[in-house]
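Thanks for coming. I have a few minutes on salt bridges, and I'll put the structure up before I start.

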Amino acid sequence: MSRSFHILIVDDDRRIRAGLCRFLTSQGLRVSQSKDGEEMFNAFEAGNIDLIVLDVMLPGDDGFALCRKLRAESEVPIVLLTAVAGETDRIIGLELGADDYICKPFQPRELLARIRAVLRRVNSLPPGMRARQHSVFRFLDWCLDVHNRALCSPGGELVELTSGEFELLQAFVEHPQIILSREQLLDLARGRSSVLFDRSIDVQVMRLRRKIEPDPQLPVIIKTVRNSGYLFTPSVTMDE
């Protein structure tokens, strides 16, 4: 890493926070720590946090709720700490906007590797692929309002989207008529490049097609490009 990134550890276990702070600091990272959501937001607002390591099991708002609140106002990378090894909770975290997860117990060096991988991925994206400069996107009489996180159909009805579906559709409308690989979509939708999450992209595309395609079995809006990824075919206009 070319500079010292600032990591925020959010965990209610003082021993875990202290141990991670010592280790990550020894590896050249700046580290702050918080025991709950209130302290987390205070530290975040104080400035210049590059990545948050967020425990799922917290007093008050849990990590999932805090992840959702963070994503409503920020794109700061998030790595979840979870004591649950099941796939469901991990996918929930990703759909809420987490970039990666690690299961307790874990080795500090594994967490360090994941932190570095997320930071490399986020900082390697071209600026145009990260920026959210527009708030309203229009395509085929559909309207996606990013600020209010709302999708309106051509008939004027609000269409409910999960967080994962919303992030995926936003990635598509920001990069229309460009073939995007699964890895690019994972990066743009704040996912993680792995076999598990490659499959989750396909599932999200399938669910999104059910909501916006005239015929989900014969998609014309989101087309599969064999051995390459997906293509969002409509032209898109943008309102500031």
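I'll go through some of the salt bridges, with the burial of the residues that form them.

A caution before that: this is a predicted model. In total, it holds 11 salt bridges.

Start with K35 and E39. Their side chains meet in a salt bridge, at 2.5 Å from N to O. Are these two residues buried or exposed? Neither word applies, because partly exposed is the class between 20% and 50% relative accessible area. E39 comes out at 31% relative accessibility, so it counts as partly exposed. K35, with a relative accessible area of 38%, is partly exposed as well.

Next, R71 and D99. Here the side chains form a salt bridge with an N to O distance of 3.1 Å. This pair links distant parts of the chain, 28 residues apart. R71 belongs to helix 3, residues 63-71, while D99 sits in the loop between helix 4 (87-95) and strand 5 (100-103). Both residues, R71 and D99, are buried.

Then R182 and D202. The closest N and O atoms of this salt bridge are 2.9 Å apart. Which elements does the pair link? R182 is in helix 8, residues 182-188, and D202 is in helix 9, residues 195-212, so to speak of distant parts of the chain, the separation is 20 residues. As for accessibility, R182 is partly exposed at 27%, and D202 is partly exposed at 28%.

Last, a network. D11, D55 and K104 are joined into one by salt bridges that share partners.

That's what I have; I'll take questions.

How values were computed: Residues numbered from 1 in each chain as written. Predicted model: local features only at pLDDT ≥ 70, side-chain atom pairs only at ≥ 80, totals over all residues. Heavy atoms only, no water. Salt bridge = Lys/Arg side-chain N within 4 Å of Asp/Glu carboxyl O. Buried < 20%, exposed > 50% of the residue type's maximum accessible area, 1.4 Å probe, protein only. Helix = DSSP H or I, 4+ residues; strand = E, 2+ residues; numbered from the N terminus.
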